[in-house]
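Got your viewer open? Let's take a short walk through this model, one selection at a time.

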Amino acid sequence: AERPAAAIPWTIRAAVLNAGPMSQHAGAMSHRTTAELEGALADVRQAPADDGTVDLIVRRPATGEREVLDEGVLDLGEGLVGDNWGERGSRHTPDGAAEPDRQLNVINTRLSRLVAVDPERRALAGDQLHLDLDLSIANLPPGTRLALGSAVIEVTEPPHLGCAKFVGRFGREAMRFV
């Protein structure tokens, strides 16, 4: 069912207990090779197609900063409350405004564990939600709605394929792999 615009924001919970700011240089800086990434692909592909879980919630309060949360609030206009999505804007819009279809970024938790090498670096991926769920377009085509606790999010057309920051944090081979 559609949610009315005036409703109270949804709350999502993850099974993580650590919280606090993280610098973008936290943890080890080693990167996986293409062979290592391809060798782990079977595990990534075994993510459940249904009934996945929220494994990690990451808020980006400012550029280059991350906060791992044990609970987050999603708002229709703001996205993940406290995240800088709206403030950063987008180079893809004529006026530089944030893109509503890219309010939340979601990554497969098995993939984030793989590319991060060190679990402490997972939050650096830039995605706010790490889900143990098959995020393939075949499983979740645009328009699919996902229930996350009391929240419902919708998969939109533009894919999130990473950026130069992702390459710097996890390596060019990880970017090609994604």
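Before you click anything, here's a cut-off you'll need: a residue is called buried under 20% relative accessible area, exposed over 50%, and partly exposed in between. Also keep in mind that this is a predicted model.

**Stop one: a glycine in a loop.** Select G82, which sits in the loop between β6 (79-80) and α3 (85-88). Is G82 buried, exposed or partly exposed? Its relative accessibility is 34%, so G82 counts as partly exposed. Now show what surrounds G82: apart from neighbours within four places in sequence, G82 is in contact with R59, R60 and P61. Try a distance between the C-alpha atoms of G82 and P61: you should get 5.9 Å, although the two are 21 residues apart along the chain.

**Stop two: a covered helix.** Next, select residues 109-116, which make up helix α4. This helix is mostly covered, with 7 of its 8 residues buried. Among the buried ones are L111, L114 and V115. Go to the start of α4 and add N108: one of its side-chain oxygens comes within 2.7 Å of the backbone nitrogen of R110. Then hop to V117, just after α4, where phi is positive at about 65 degrees.

**Stop three: a pocket.** Finally, select D51, G52, L133, L146 and A147, the residues nearest the centre of the second largest pocket. That pocket has a volume of about 200 Å³ and a lining of 14 residues. Which element gives the most to this lining? Colour β9 (145-148), since the answer is β9, with 3 residues. Sorted by type, the lining has 8 nonpolar, 4 polar and 2 charged residues.

Key:
Residues numbered from 1 in each chain as written. Predicted model: local features only at pLDDT ≥ 70, side-chain atom pairs only at ≥ 80, totals over all residues. Heavy atoms only, no water. 1 Å grid on protein atoms, 1.4 Å probe; cavity = no way out; pocket = protein on both sides within 12 Å on 5 of 7 lines; lining within 4 Å. Points joined across faces, edges and corners; volume = space filled by probe spheres on them. Helix = DSSP H or I, 4+ residues; strand = E, 2+ residues; numbered from the N terminus. Nonpolar A, V, L, I, M, F, W, Y, C, P; charged D, E, K, R; others polar. Buried < 20%, exposed > 50% of the residue type's maximum accessible area, 1.4 Å probe, protein only. Contact = heavy atoms within 4.5 Å. Polar contact = N/O pair within 3.5 Å; in protein donor to acceptor, adjacent residues only side chain to side chain.
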